[in-house]
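These are my notes on the model, set out as numbered points. Please read them with the coordinates open.

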Amino acid sequence: MNDIYIYRNGQKMRCGYTTGSCATGATKASAEMLFSGKIVETINLMTPKGIMLELVVNDQKTGEKTSCSVVKDGGDDPDSTDGMKIFSEVSLIPDGVEISGGEGIGIVTKAGLDQPQGEWAINTVPRKMIKSALAEIARKYDYSGGFRVLITAPEGKNIALKTYNPRMGIEGGISIIGTSGIVEPMSSTALIETIRTEARMKHMYGEKNMVLTLGNYGESFLEKEMPFLAENSIKCSNFIGEAIEIGMEINYENILIIGHIGKLVKLGAGIMNTHSGSADGRMDILVTCGLLAGADADILRKIPYCVTVDSALDILKESDFLWRTMKILSRKADYYLKNKVYNKINIGVVMFSYKHGILVKTDNVNKIIKNLTERT
């Protein structure tokens with residue numbers, strides 16, 4: 001019915017559709033039932049991406065207020081909202097289009113998000129999609145009045161706990177989101193937009209310093225070693241380069257990156273996306289840095305056979321070349337990071353290992369931390 005596929009890493013993967021498409025489809029079907037008085041089983045919806053969807057309609061109720069649901073389909077994307085029902089109730093008003101949320105839809109509690117504080121977390125593009133769908137139905141039935149739309153998601157409150165919403169300042173439920181109407185499996189777009197939104201929000205609250213962690217390891221380290229920075233950190237996953245560009249776009253004064261050396265060692269070659277599918281080179285970087293540090297060739301020949309960075313560091317430590325190698329790595333990472341920001345702002349990185357402690361602190365780190373603590 002909606003067989004849309006893309007290829008990721010050589011695999012054929014099925015696309016899904018966004019919560020915005022679900023809410024719009026349910027709204028359009030409810031409006032159709034309101035005028036026709038007939039049960040609607042499926043509804044066609046043109047997405048902003050230009051792809052036509054045929055959505056199955058469930059839970060139909062008719063009367064002065066009509067309602068129905070569309071089940072969210074995340075395709076082959078690991079989506080926490082996959083399989084949940086999104087409902088829309090439609091009724092008539094004299095003019096205009098009033099869109100509100102109800103059970104399971106979040107409320108915006110912080111500035112800097114797509115919607116203002118106190119508003120339902122139904123984003124701009126889905127709102128436009130809903131209005132466009134209603135305009136289509138109004139033309140079909142020669143109706144010149146307005147509509148009241150209530151979007152709900154009964155499972156939304158529990159499902160939202162598995163998303164970024166609580167961290168982002170959206171409380172009580174999910175968000176109705178999507179810019180294309182289509183979910184592309186393993187797409188980086190949604191995560192990068194989450195980084196941008198969180199960074200913009202923190203900046204609007206007066207934060208001038210960006211603290212980036214790659215994931216849970218970085219967050220745990222920060223909470224233990226630098227708890228004064230943990231609250232304002234932003235998780236950027238593998239997308240270091242994009243996060244840095246966002247920081248510059250929003251005019252942050254300092255950027256500090258904190259993460260496990262197993263990922264961040266790649267900065268020693270200027271690799272700004274640390275996903276293994278994008279680039280690896282970890283052992284090659286350590287061999288190069290070890291060579292420049294003066295390590296023997298016999299020692300360095302062992303490193304390419306290591307599976308983890310920690311095991312490679314063990315070899316360097318046993319030969320007494322660990323810290324000299326880390327000093328070279330620090331210089332190389334510092335060079336690439338400063339070039340990334342054109343030397344316009346302070347940027348630094350802290351690389352750690354649970355086994356070996358803090359291994360790399362680039363030149364600007366102490367200065368950045370001083371600036372950060374003065375602002376905190």
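1. Two strands are taken to pair if DSSP finds at least two bridges between them. Helices (H or I, at least four residues) and strands (E, at least two) are DSSP runs, numbered from the N terminus. With those terms, there is an open sheet of 5 strands in the order S15-S14-S16-S17-S18, and its pairing is mixed. Strand S15 (233-235) and strand S18 (357-361) are the edge strands, each pairing on one side only. From one strand to the next the twist averages 25°; axes are lines fitted to C-alpha atoms, for helices over the stretch in contact, and angles run from 0 to 180 degrees between N-to-C directions.

2. On provenance: this is a predicted model, in which local features need pLDDT of at least 70 and side-chain atom pairs count only at pLDDT 80 or more, while totals for chains, interfaces and linings use all residues. Residues are numbered from 1 along each chain as its sequence is written, and side-chain values use heavy atoms, with hydrogens and water left out.

3. Overall figures. The protein chain has 14 helices and 18 strands. Its C-alpha atoms fill a box of roughly 80 × 45 × 35 Å along the principal axes. Of the 376 residues, 53% count as buried (under 20% relative accessible area; exposed is over 50%, partly exposed in between, with a 1.4 Å probe and protein chains only). Among contacts (heavy atoms within 4.5 Å) with a separation of 6 or more, 69% join residues 24 or more positions apart.

4. Back to the sheet. Strands of a sheet pair through backbone hydrogen bonds, either parallel or antiparallel. Strand S14 (residues 209-213) and strand S16 (residues 254-260) pair in the parallel sense over 5 bridges. Within this pair, Thr213 stands opposite Ile258 of S16. Helix H5 (residues 189-204) packs on the sheet and touches S14 and S15; the direction of H5 makes about 170° with that of S15.

5. H5 also packs against helix H8 (residues 240-249), at an angle of about 35° and with the axes 10 Å apart. The crossing of H5 and H8 is right-handed (the near helix is turned clockwise from the far one by less than a right angle; anticlockwise would be left-handed). Ile192, Ile195, Arg196 and Ala199 of H5 make the contact with Glu242, Ala243, Ile246 and Glu249 of H8. By class, these residues are 5 nonpolar, no polar and 3 charged. The classes are Ala, Val, Leu, Ile, Met, Phe, Trp, Tyr, Cys and Pro as nonpolar, Asp, Glu, Lys and Arg as charged, and the others, Gly among them, as polar.

6. A second helix pair is formed by H10 (residues 282-292) and H12 (residues 309-318), whose axes come within 10 Å and cross at roughly 20°. H10 is therefore roughly parallel to H12 (under 35 degrees; over 145 is roughly antiparallel, 65 to 115 roughly perpendicular and the rest oblique). H10 passes H12 in a right-handed crossing. Arg282, Met283 and Leu286 in H10 meet Val309, Ala312 and Leu313 in H12. That contact has 5 nonpolar, no polar and 1 charged residues.

7. Which residues does Ile303 touch, leaving aside its neighbours within four places in sequence? They are Met283, Leu286, Val287, Ala312, Ile315 and Leu316. Ile303 sits in the loop between helix H11 (297-300) and H12, and its relative accessible area is 0%, so Ile303 is buried. The C-alpha atoms of Ile303 and Val287 are 6.8 Å apart, with the two positions 16 residues apart in sequence numbering.

8. Leu300, in helix H11, is buried too, at a relative accessible area of 6%. Its C-alpha atom is separated from that of Val287 by 5.7 Å, at 13 residues apart along the chain. Beyond neighbours within four places, Leu300 is in contact with Val287, Gly290, Leu291, Ala295 and Leu316.

9. A charged residue to check is Asp334, found in helix H13 (residues 322-340). Asp334 is buried, with a relative accessible area of 8%. Leaving aside neighbours within four places in sequence, its contacts are Ile347, Thr362 and Asp363.

10. Finally, strand S4 (residues 42-46) and strand S5 (residues 52-56) pair in the antiparallel sense over 5 bridges. They form a hairpin with 5 residues between them, and Gly50 in the turn has a positive phi of about 85°. In a regular strand the side chains alternate between the two faces of the sheet. In S4, Ile43 and Leu45 are on the covered face, while Thr42, Asn44 and Met46 are on the uncovered one.
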